[in-house]
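This report describes one protein model, starting with the chain as a whole and ending with a single side chain.

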Amino acid sequence: MTGQSYLDLPRARQARGVVALPGSKSISNRVLLLAALAAGSTDISGLLDSDDTRVMLAALRQLGVEIADGGPGRATVTGAGRFPAGQADLFLGNAGTAFRPLTAALALMGGQYRLSGVPRMHERPIGDLVDALRQWGARIDYLGQPGYPPLAIGQGEIRAGAPARVQGAVSSQFLTALLLAAPVLAQGSDRPVVIEVAGELISKPYIEITLNLMARYGVRVQRDGWRSFSIEAGAAYRSPGAIAVEGDASSASYFLALGAIGGGPVRVTGVGADSIQGDVAFARTLADMGVQVESGPDWIEARGVRVDQGGRLKAFDADFNLIPDAAMTAAALALYADGPCRLRNIGSWRVKETDRIHAMHTELSKLGAGVESGPDWLRITPPAPDGWRDAQIGTWDDHRMAMCFSLAAFGPAAVRILDPGCVSKTFPDYFDVYAGLVAGRPGTES
């Protein structure tokens, strides 16, 4: 798929089957960093193999962390509390789950580091995180536009005296980065390390993932609601010995959506009722749309309508602040609703791999949908049965755009996905797995 300029999707009519999900990107990169900062060795299983995790692995190795490849989905990371390399020039692609946490950890290390990425990463704001780290005495300079990467990190006067305050409304990754790095500061401190959140905190379930994983590595965070977080003096990460990465709940949304519009059943394994990922709540969104959803500890199954036979999902008007990634799948499903659908509180889409509100508005309109959008909302009116239009779907160098628009193949229009290889960021073989579930494969007519 890499290097392929486009992929024509044949008309899909039915979907059924079972998918073993790849590992969660969010959990994989958090676990890799935690293992690198922990005392002892961690055997990691279920690790996602994707562009973003390769970026993190390469960066950690460049920083002197010992990482042994244990075969597909497995690695053993030996940490020592701090990174051995005191200098490094790191290229981190467009991996926010690597760039933000590494910025925070390196800022507290006392070395000399440069961090850069692809042009889009240099358009993604990081000023709120930098401002918070400077409150702890970190020295961070912008090498381009103020408030954005690339960054130069120097030897600051690190101290845990005053709380670090971070804005909560732009990206939860800023708070996650501060939390993950805080024990680096706490180890040599005689007072607690405190982080305060200014304003409304978005994407709270991703913070829950962070806190859960920190606890697995021996650091429990005390919090006052979502306003204040405290790590006790002397806290330090200790390896749990072994840890398994859950399947990716955001990726699960595409397959459950296939079951919702292709009849199903489609079952995903690797996430379920016991998951620590907030995106499993997408199952409730599907239920609200009239889809029959069942789940167990580590699986979810969806049975829905057959849109090729005139079936329709129930229209929705919902707040997606807690599940912004899976919300993109809901936006694509709006093509098959029985009325206009509205997604609210999705302002974080603006600072993702692309401006997802603008990108989704553009591509849904190509298919014949009526689309309106604002700073943090999107309203979609499904195409009339005779209003669908053939479309070449631009993916905007955004893996989730490519995956969620595969659902458009259930409509009557011809759909071409441009740059399908962008899915390598999190799910390199997505379209192969997709083809195994739908009636028909890419390049053939069912």
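The text below covers overall dimensions, one sheet with its covering helix, and one tryptophan.

**Chain as a whole**

The model is predicted. The secondary structure of the protein chain amounts to 12 helices and 23 strands. Its global values are collected here.

| Property of the protein chain | Value |
|---|---|
| Radius of gyration | 22 Å |
| Box along the principal axes, C-alpha atoms | roughly 65 × 40 × 40 Å |
| Accessible surface | about 16100 Å² |
| Carbon and sulfur part of that surface | 46% |
| Buried residues | 59% of 446 residues |

For 446 residues, a compact globule would have a radius of gyration near 22 Å, so the value of 22 Å for the protein chain agrees with that expectation. Contacts can also be sorted by sequence separation: of those between residues at least 6 apart in sequence, 74% join residues at least 24 apart.

**An open sheet of four strands**

One open sheet consists of 4 strands in the order E4-E5-E3-E14, with mixed pairing. Strand E4 (66–69) and strand E14 (242–244) stand at its edges; each has a single partner strand, so one side of each is left without a neighbour in the sheet. From one strand to the next, the twist averages 20°.

How many bridges join E3 and E14, and in what sense do they pair? Strand E3 (residues 40–45) pairs with E14 in the parallel sense, over 3 bridges. At the residue level, Ile44 has Ile243 in E14 as its bridge partner.

Which helix lies across E3, E5 and E14? That is helix H1 (residues 25–37), which runs at about 40° to strand E5 (75–79).

**Surroundings of Trp226**

Trp226 sits in the loop that lies between strand E12 (222–224) and strand E13 (228–231). Is Trp226 buried or partly exposed? The relative accessible area of Trp226 is 22%. Buried would require a value under 20%, and exposed one over 50%, so Trp226 is classed as partly exposed.

Leaving aside residues up to four places away in sequence, Trp226 touches Val197, Leu201, Lys204, Ile207 and Glu208. For one of these, Leu201, a C-alpha to C-alpha distance is available: Trp226 and Leu201 are 7.0 Å apart in space, while 25 residues separate them in sequence.

Conventions
Residues are numbered from 1 along each chain as its sequence is written. This is a predicted model: local features need pLDDT of at least 70, side-chain atom pairs count only at pLDDT 80 or more; totals for chains, interfaces and linings use all residues. Side-chain values use heavy atoms; hydrogens and water are left out. Two strands pair if DSSP finds at least two bridges between them. Helices (H or I, at least four residues) and strands (E, at least two) are DSSP runs, numbered from the N terminus. Axes are lines fitted to C-alpha atoms, for helices over the stretch in contact, and angles run from 0 to 180 degrees between N-to-C directions. Contact means heavy atoms within 4.5 Å. Buried means under 20% relative accessible area, exposed over 50%, partly exposed in between (1.4 Å probe, protein chains only). The radius of gyration is taken over C-alpha atoms; the globule rule is 2.2 Å times the number of residues to the power 0.38. Accessible areas come from the Shrake-Rupley method with a 1.4 Å probe; for residues, only the protein chains shown count as cover.
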